[in-house]
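Work through the exercises below with the sequence and the model open. Each task is followed by a stepwise solution.

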Protein chains: 2
Amino acid sequence: MAIDFQQDILAPVASDFAAMDKFINEGISSKVALVMAVSKHVIEAGGKRMRPIMCLLAAQACGETDLSKARKLAAVIEMLHTATLVHDDVVDESNLRRGRPTANATWNNQTAVLVGDFLIARSFDLLVDLDNMALLKEFSTGTCEIAEGEVLQLQAQHQPETTEETYLDIIFGKTSRLFQLATEGSAILAGTPEYREALKQYAGHFGNAFQIIDDILDYTSDKETLGKNIGDDLMEGKPTLPLIAALKNTSGADHEIIYKSIATGGLDDLEHVIQIVQNSGALDYSRMRAQEETQQAIDALSILPDSIARNALYHLAELALERIQ
Amino acid sequence: MAIDFQQDILAPVASDFAAMDKFINEGISSKVALVMAVSKHVIEAGGKRMRPIMCLLAAQACGETDLSKARKLAAVIEMLHTATLVHDDVVDESNLRRGRPTANATWNNQTAVLVGDFLIARSFDLLVDLDNMALLKEFSTGTCEIAEGEVLQLQAQHQPETTEETYLDIIFGKTSRLFQLATEGSAILAGTPEYREALKQYAGHFGNAFQIIDDILDYTSDKETLGKNIGDDLMEGKPTLPLIAALKNTSGADHEIIYKSIATGGLDDLEHVIQIVQNSGALDYSRMRAQEETQQAIDALSILPDSIARNALYHLAELALERIQ
């Protein structure tokens, strides 16, 4: 049976999720008009807000009945996520995100860099208000690792020799680490250190699966699929798992084409690359890895007490997989 | 008698200043090679490290004899300063800073944006290790205001109607606020809350004077002066104090030329603009304002006990003024 997002995932924390917007809007208030305008623009362009939902569910799964602190943490997570997207769009020179013009396209790179900086600083400012030193340490270390993941990705661009191990380091930093902060942060705030590691493992594997799925969609989604177009990663010469696996599974001319496509970027060989990725079993391998990560995420939750929130976290992991089924 | 930097300012904290480099180098260590290379490049391009010196002097002026915590704080201040410079150079599209190629010029904008993010995150990470919630709150709020100041500056670009009040808001955010964190932070760490406000006032006025002086030099320095070239601000249409004062003091054709130069940017009218700025009394007014701010900085220190470190802080303020004398 298909998972229903509203019913199976959002429902247990729906009212807190709605209340979270208040904190986000307070968070982006500024006496500088341009800061306000850009922040509002990018926050409103948000997607399904999976990270804050995961944060709220994790708090409830830890036994929290009052989610007022978790709401604030969820708002911080979403702001931090938004800040990284704003800088990512500058780095990738993207003009559109989820069908809306990016900050760099609407204003310019300068504004996007500085407002991104403001959002990072403001996230920390709101985090400090939660008055928890363990939480602050986890976040300050985590945001370093996120930045390192982004730089590692840049370093790997156009590098066909990139290994699956390096790919995992990249996606861990750029995607999984923030999911970890969302769930582990809730365990810290809830005062249930015994659930920290389990929730961290869940979010880490979930994030890995989520990013692998996203990278598969770059070679399978049709144009109608919201968000991503076929070939975005190839265009930029990003050695994602489908390409790394295709390189492993091929030799001769096919191998050469994939190798060259990563090295040069661009979409000249797009159709050929897609064909090789599909025929070489690289997509099957990538799907299997996404399923493995999802299973590891679900397994990690087993030490948490049975609850509606824990089930919602299961469903969230399963729902992500549905995108490639 | 001219102030000697080594003797009159640095001497009281010279050994701690030397030891601070250790923390900076530890701070920028990363398992990602590109993060390391860029961080090292930009940290080494540092100037006189006035902010960390001020931080160390403030700690000593508060009566601290063991500056081991202050050293770490000084390293954080310098890293945060470096992070803002890296992003500033992206925003200003600068290729050179203090005669060395910038990060965006040596690598690219993408790398500079992301390594800047890493340095911001790492600064907070090191700050959290100092384990002081009041310090963290001051820094998280302060870094928001710094980012706001930078955006305000961007917003004011090409705006000839910019008031002196707005100019002061800009320079407070982009320059003075970090000086404040350097000195007030030391008072917090030293456990001498009674000196917080005085040191904050000192640094705020010092920063204002420092930036006004910098903005004066944009219309008076010769090419040999390290760092700044005549006309850099004018090129970018930045309404700094010399131009704001020139607009106030002129009418007719002269007024028109200044007005248009801010609105359009560029250096077509450079010689004419310099002439008007000098003849209209705008430079005299700007120098007077720098002197006033310096005096207010010095006056603020009067509640601190007499000490070698306090005298060094006086000298530091006086030395800054020497650049325009």
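**Exercise 1.** Decide whether Lys31(A) is buried or exposed, and find the salt bridge in which its side chain meets that of Glu148(B).

Solution. Step 1: Lys31(A) has a relative accessible area of 69% and is therefore exposed (buried is under 20% relative accessible area, exposed over 50%, partly exposed in between, with a 1.4 Å probe and protein chains only). Step 2: the side chains of Lys31(A) and Glu148(B) form a salt bridge with an N to O distance of 3.4 Å (a side-chain nitrogen of Lys or Arg within 4 Å of a carboxyl oxygen of Asp or Glu). Step 3: this pair crosses between chains, from helix H8 (residues 133-156) of chain B, which holds Glu148(B), to the loop between helix H2 (14-27) and H3 of chain A, which holds Lys31(A). Helices are DSSP runs of H or I with at least four residues, numbered from the N terminus. Step 4: Glu148(B) counts as buried because its relative accessibility is 7%.

The model is predicted: local features need pLDDT of at least 70 and side-chain atom pairs pLDDT 80 or more, while totals for chains, interfaces and linings use all residues. Residues are numbered from 1 along each chain as its sequence is written, chains are lettered from A and ligands numbered from 1 in the order written, and side-chain values use heavy atoms, without hydrogens and water.

**Exercise 2.** How much area do chain A and chain B bury between them, and how many residues are in contact?

Solution. Step 1: 41 residues of chain A contact 41 residues of chain B, where contact means heavy atoms within 4.5 Å. Step 2: the two chains bury about 3,700 Å², with 73% of it on carbon and sulfur atoms; buried area is the accessible area (1.4 Å probe) that two parts lose on being put together, summed over both. Step 3: on the chain A side, Leu114(A), Met133(A) and Glu148(A) lose the most area to chain B, together 17% of what that side buries.

**Exercise 3.** How many salt bridges and how many residue pairs in polar contact are there between chain A and chain B?

Solution. Step 1: there are six salt bridges between the chains. Step 2: in one that joins Lys137(B) to Asp129(A), the closest N and O atoms are 2.8 Å apart. Step 3: 18 residue pairs, both at pLDDT 80 or more, are in polar contact across the two chains. A polar contact is a pair of N or O atoms within 3.5 Å; within protein, one must be able to donate a hydrogen and the other to accept it, and residues adjacent in sequence count only if both atoms are side-chain atoms.

**Exercise 4.** Which symmetry relation holds between chain A and chain B?

Solution. Step 1: a turn of 180° and a shift of 0.0 Å along the axis lay chain A on chain B with an RMSD of 0.0 Å, by least squares on the C-alpha atoms of residues with pLDDT of at least 70 in both. Step 2: that is the relation of a two-fold axis. Step 3: the same surface serves both copies, as 100% of the contact residues of chain A recur in chain B.

**Exercise 5.** Describe the surroundings of Arg177(A).

Solution. Step 1: Arg177(A) lies in helix H9 (residues 164-190) of chain A and, at 2% relative accessibility, counts as buried. Step 2: its side chain makes polar contacts with the side chains of Glu145(A) at 2.6 Å and Gln180(A) at 3.1 Å. Step 3: not counting residues up to four places away in sequence, Arg177(A) touches residues including Glu138(A), Gly142(A) and Phe172(A).

Note on methods. Helix = DSSP H or I, 4+ residues; strand = E, 2+ residues; numbered from the N terminus.
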